[in-house]
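Thanks for making the time this morning. I would like to walk through one model with you, going from a detail of the backbone out to the whole chain and back again.

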Amino acid sequence: MKFGVIGHGFMGSRHVAIIDSFEECECIAACDTDPFRLKGLDKKIICYEDIDLFLENPSIDVVVIATPNKWHKEHALKAINAGKHVICEKPIALSVDELDEMKEAADRMNVTLTSHHQRRLDQDFQAIKEAYEREMLGNVYLIKSVLYGYNGYTHSWHVYKSEGGGMLYNWGVHLIDQILYMVSSPLKTVYADIRNIINIEVDDYFKIILKFENMVTAEIELGTYMLSDKEGWFPRHWYMFGNKGSMYIDGFIPEGRILRTTQLLAETLDEEGRYCGPTRSFGIPEKGVVYTQAIPYVKTETREFYANYIRAIQGKEPFLVKLPELRYVLKVMDAAIKSSESMSSVAF
Ligand SMILES: NC(=O)c1ccc[n+]([C@@H]2O[C@H](COP(=O)([O-])OP(=O)(O)OC[C@H]3O[C@@H](n4cnc5c(N)ncnc54)[C@H](O)[C@@H]3O)[C@@H](O)[C@H]2O)c1
C-alpha cells in the first residue's frame with residue numbers, strides 16, 4: 001500500500017515515520033506548500049509543493065492529510081475525487097455539514113475515509129474504558145476527563161480562528177471522542193462553557209458536560225493556563241465514580257488506583273458511641289476502611305491505528321474510526337458551541 005502525505009509539519013512527519021514502520025506500507029510522496037518543510041526527507045519520497053501535481057501521481061493509494069484544520073475539507077475532497085483513500089487528521093472537518101459533503105464524495109468515488117483518532121488507544125483512556133466496561137465500580141454516575149496545561153498560548157496557526165484553531169478543535173475533538181467511544185448510551189444534553197482566557201481569537205479553556213440516558217454524566221475540562229506547584233503534578237487526570245468504588249488516573253502513562261470501602265461510612269460512631277449522620281461522611285475515614293486496588297492494565301499503543309487501517313482496507317476487520325462516530329463527535333462539538341454561546345444546556 002503506497003501512501004502520500006499532505007502537510008509535512010509536526011504531525012505529517014510523524015505519519016511518514018509510522019507508515020514506513022509497517023512492512024505492508026510505504027510512504028512514496030509528500031506535499032507541502034512550504035519547501036523548507038520538505039527538506040531532509042528520504043530520497044525515495046517524491047516531494048511536491050503543488051497538491052494537484054501530487055494527486056496526479058497514480059502510485060499513491062492512500063492520502064494522509066495533516067494540514068491545518070481549515071484545509072481538511074478541501075484537501076480531502078481533492079484527494080477523494082482523484083480516487084485516493086483518505087486518512088484525515090482530526091478534526092476531520094469543522095462541522096457536520098462539511099463532513100457530510102466529504103462522505104458523499106467518498107461514497108460516490110467508492111473510496112474509504114477515516115480520521116486519525118489514535119487517542120482511543122492511549123493507555124490512560126484504555127484503563128478507564130476497561131474499568132467502565134467491566135463495571136469494576138458498579139453503576140458509574142460520574143466520569144471526569146481533565147487536561148490542564150501551563151503554557152497559556154497555543155502556537156502558530158492554532159491561534160487563528162480562520163485556520164480552524166483553538167483548543168476545542170485541537171484537543172476537544174479527542175476528549176469528546178473518547179467519552180462517546182466509551183459511553184455507548186444515547187446522549188441527552190450538552191452543556192459547555194468555552195472561553196478565551198489568554199488567547200485573543202481562539203478558545204483555550206472549556207468545560208463540557210454530557211448527560212447520557214443511562215444516568216452517566218461526563219465532564220470534560222481543559223485549560224492551557226491552569227497553574228500548579230504541586231510536586232509530581234500531572235497535566236492529565238481521570239476520575240470515575242460509581243456505587244461500588246472510585247478510580248483516579250494521573251498522567252498519560254497511567255498511575256492511579258481503584259478505591260473501595262470495607263463498610264459504609266454512614267455507620268460510623270462518634271467518640272461517645274453515638275450514631276453519626278452523613279456530615280461525618282466528609283471526615284477522614286478510620287484506618288482500613290478505605291482500601292485500594294490496581295487499575296486495569298491494557299496493553300495498547302497508538303500505532304495500532306495503522307495496524308487496524310491495514311487490516312480494514314484489506315477487508316479483514318472494520319475500521320477503528322468510523323464515519324458515523326466522527327459525525328457524532330462533530331455534532332456534539334456543534335452543540336457545545338451553541339450551548340456556550342447561549343449559556344444554557346442543549347437537548348441532544
Ligand atoms: N492526532 C493527533 O494527535 C494530532 C497531533 C497534532 C496535530 N494533529 C493534527 O495535524 C494537523 C496538522 O497539525 P500540525 O501540528 O502538524 O501543524 P504544522 O503547522 O506543524 O504542520 C502543518 C503543515 O501543513 C503545511 N501546509 C499548510 N497549508 C498547506 C496547504 N494548503 N497545502 C499543503 N501544505 C500546507 C504547512 O506548511 C505545515 O508544514 C492538524 O489538523 C492537527 O489537528 C493531530
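Just after helix H8, Met 343 takes a positive phi of about 55 degrees, and I should say at once that the model in which we see this is a predicted one. The residue sits in the loop between H8 and S15, and because it has 9 other C-beta atoms within 10 Å, Met 343 is classed as exposed.

Let me stay with the helix that precedes this residue. H8 runs over residues 323–342, and at 1.5 Å a residue its 20 residues should span 28 Å, while the end C-alpha atoms are 29 Å apart, which agrees. Which residues of H8 are buried? They are Leu 326, Val 329, Leu 330, Val 332, Met 333, Ala 335, Ala 336, Ser 339 and Ser 340. The elements that cover these buried residues include two helices, H4 (96–109) and H6, together with strands S6 (113–115), S8 (187–195), S9 (205–212) and S15 (346–347).

One of the buried residues of H8, Ala 336, also leads us to the core, since Ala 336 is listed with Val 86, Ile 176 and Ile 179 as having the most contacts inside the largest nonpolar core, a set of 78 residues. Helix H6, residues 167–182, supplies the largest share of this core, with 8 residues. Both domain 1 (2–116) and domain 2 (120–254 + 295–301 + 331–347) give residues to this core, so it lies between them. As a general background, nonpolar side chains in soluble globular proteins tend to be buried together. To take one member of the core in more detail, Val 86 touches Val 63, Ile 65, Ala 76, Ala 79, Ile 80, Val 111 and Leu 113, if residues up to four places away in sequence are not counted.

That brings me to the domains themselves. The assignment for the protein chain gives domain 1 as 2–116, and domain 2 as the three segments 120–254, 295–301 and 331–347. Their C-alpha centres lie 28 Å apart, and the contact between them takes 8 residues from domain 1 and 9 residues from domain 2. On the side of domain 1 that touches domain 2, the residues divide into 4 nonpolar, 2 polar and 2 charged.

Now to the ligand. Where does the ligand lie with respect to the two domains? Domain 1 and domain 2 both give residues to the shell around the ligand, so it lies between them. The shell holds 25 residues, and the closest are Gly 7, Gly 9, Phe 10, Met 11 and Glu 89. By class, the shell divides into 9 nonpolar, 11 polar and 5 charged residues, and the element that gives the most to it is helix H1, residues 10–20, with 3 residues.

Gly 9, one of the closest residues to the ligand, turns up again in the surroundings of Arg 37, which is in contact with His 8, Gly 9 and Asp 32 once its neighbours within four places in sequence are left aside. Arg 37 belongs to the loop between strand S2 (26–31) and strand S3 (46–48), and it counts as partly exposed because there are 19 C-beta neighbours inside 10 Å, where 20 would have made it buried. Its C-alpha atom is separated by 25 Å from that of Glu 23, which is 14 residues apart from it along the chain.

Two further backbone details deserve a mention. A cis peptide bond joins Lys 90 and Pro 91, with omega at about -10 degrees, and Pro 91 is placed in the loop between strand S5 (85–88) and H4. Glu 135, like the Met 343 with which I began, is a residue other than glycine with a positive phi, in this case near 50 degrees. Glu 135 is found in the loop between helix H5 (123–133) and strand S7 (140–148), and with 11 C-beta neighbours inside 10 Å it counts as exposed.

Finally, the chain as a whole. The protein chain has 8 helices and 15 strands, and its C-alpha trace spans about 85 × 45 × 40 Å along the principal axes. Buried residues make up 37% of the 348 residues, and among contacts between residues at least 6 apart in sequence, 69% join residues at least 24 apart.

Technical notes:
Residues are numbered from 1 along each chain as its sequence is written. This is a predicted model: local features need pLDDT of at least 70, side-chain atom pairs count only at pLDDT 80 or more; totals for chains, interfaces and linings use all residues. A residue is near a molecule or strand if its C-beta atom, placed from the backbone, lies within 6 Å of it. Helices (H or I, at least four residues) and strands (E, at least two) are DSSP runs, numbered from the N terminus. Ala, Val, Leu, Ile, Met, Phe, Trp, Tyr, Cys and Pro count as nonpolar, Asp, Glu, Lys and Arg as charged, and the others, Gly among them, as polar. Domain bounds come from an automatic or database domain assignment. A nonpolar core is a set of buried Ala, Val, Leu, Ile, Met, Phe, Trp, Tyr and Cys residues joined through C-beta atoms within 7 Å. A residue is buried if 20 or more other C-beta atoms lie within 10 Å of its own, exposed if 12 or fewer, and partly exposed in between; C-beta atoms are placed from the backbone. Two residues are in contact if their C-beta atoms, placed from the backbone, lie within 7 Å. The expected span of a helix is 1.5 Å times one less than its number of residues.
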